[in-house]
Amino acid sequence: MNANQIECPDCGGHKALAPQTEVGQLLSCADCGARLEVLSLIPMQIGHAPQIEEDFGE
Ligand SMILES: [Zn+2]
């Protein structure tokens, strides 16, 4: 069992997080395309990313 495995809240698919994953990092599920956010690393928790169009373009 990989300690960095999380479960997609939408499709239940398992994903492996990179070792350098940080809280607040945004991910997308490769299986269902859900936008996910890392909520906590210990314990590993993941939730839906907020549907906010943020503009950090500058
Ligand atoms: Zn998924």
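**Entry 1. A first residue**

Is V23 buried or exposed? I looked this up before anything else in the model, which is a predicted one. V23 has a relative accessible area of 52%, and the limit for exposed is over 50%, so V23 counts as exposed. I then placed V23 along the chain and found this residue in the loop between β2 and β3.

**Entry 2. The overall layout**

I next turned to the secondary structure. The protein holds 5 strands and 0 helices. Reading along the sequence, I noted the pattern β-β-β-β-β. I also looked up burial for the chain as a whole: 28% of the 58 residues of the protein count as buried.

**Entry 3. The zinc ion**

Which residues coordinate the zinc ion? I found C8, C11, C29 and C32, each through its SG atom, at 2.3 Å. Along the chain, I read the spacing of these donors as C-x2-C-x17-C-x2-C. C8 and C32 link distant parts of the chain, being 24 residues apart. I located C8 in the loop between β1 (5–7) and β2 (14–16), and C32 in the loop between β3 (26–28) and β4 (35–40).

What is the geometry of the site of the zinc ion? The angles among the 4 donor atoms run from 107 to 114°. Tetrahedral requires all angles to lie between 85 and 135 degrees, so the site counts as tetrahedral. For reference, I noted that the ideal angle for four tetrahedral donors is 109.5 degrees.

**Entry 4. The four cysteines in turn**

I then looked up the accessibility of each donor residue. C8 has a relative accessible area of 2% and is buried. C29 is buried as well, with a relative accessible area of 4%. For these two residues the reasoning rests on one limit: buried means under 20% relative accessible area, and therefore both values qualify.

C11 gave another result: its relative accessible area is 38%, and C11 is partly exposed. C32 also counts as partly exposed, at 38% relative accessibility. I found C11 in the loop between β1 and β2. C11 and C32 are 21 residues apart in sequence, and their C-alpha atoms are 6.5 Å apart in space.

How many disulfides does the structure hold? I recorded 0 disulfides. A disulfide would be a covalent bond between the sulfur atoms of two cysteines.

**Entry 5. A glycine beside C32**

I looked up G33 next and found this glycine in the loop between β3 and β4. G33 counts as partly exposed, at 47% relative accessibility. From G33 to C11 I noted 9.5 Å in space, C-alpha to C-alpha, with their positions 22 residues apart in sequence.

**Entry 6. Return to V23 and the surface**

Which residues make the nonpolar surface patch? I found V23, L41 and I42, and the patch covers about 310 Å². I also looked up the distance from V23 to Q45: the two residues are 22 residues apart in sequence, and their C-alpha atoms are 9.3 Å apart in space.

E22 is found in the loop between β2 and β3. At 54% relative accessibility, E22 counts as exposed. I then related E22 to one of the patch residues, L41: their C-alpha atoms are separated by 7.4 Å, while 19 residues separate the two along the chain.

**Entry 7. One peptide bond**

Is the peptide bond from I42 to P43 cis or trans? I recorded this bond as cis, with omega near -5°. In general, most peptide bonds are trans. P43 is found in the loop between β4 and β5 (45–48). On the other side of this bond, I42 is one of the residues that make the nonpolar surface patch.

Definitions and conventions. Residues are numbered from 1 along each chain as its sequence is written. This is a predicted model: local features need pLDDT of at least 70, side-chain atom pairs count only at pLDDT 80 or more; totals for chains, interfaces and linings use all residues. Side-chain values use heavy atoms; hydrogens and water are left out. Donors are N, O and S atoms within 2.8 Å of the metal (3.2 Å for Na, K and Ca); water is not among the atoms, so sites may look incomplete. Four donors count as tetrahedral if all angles lie between 85 and 135 degrees; four count as square planar and six as octahedral if opposite donors are over 155 degrees apart and all others between 65 and 115; anything else is irregular. Helices (H or I, at least four residues) and strands (E, at least two) are DSSP runs, numbered from the N terminus. Buried means under 20% relative accessible area, exposed over 50%, partly exposed in between (1.4 Å probe, protein chains only). Patches are made of residues with over 30% relative accessible area and no salt bridge: like charges are joined within 9 Å, nonpolar side chains (Val, Leu, Ile, Met, Phe, Trp, Tyr) within 5 Å. Accessible areas come from the Shrake-Rupley method with a 1.4 Å probe; for residues, only the protein chains shown count as cover. A salt bridge is a side-chain nitrogen of Lys or Arg within 4 Å of a carboxyl oxygen of Asp or Glu. A disulfide is a pair of cysteine sulfur atoms within 2.5 Å.
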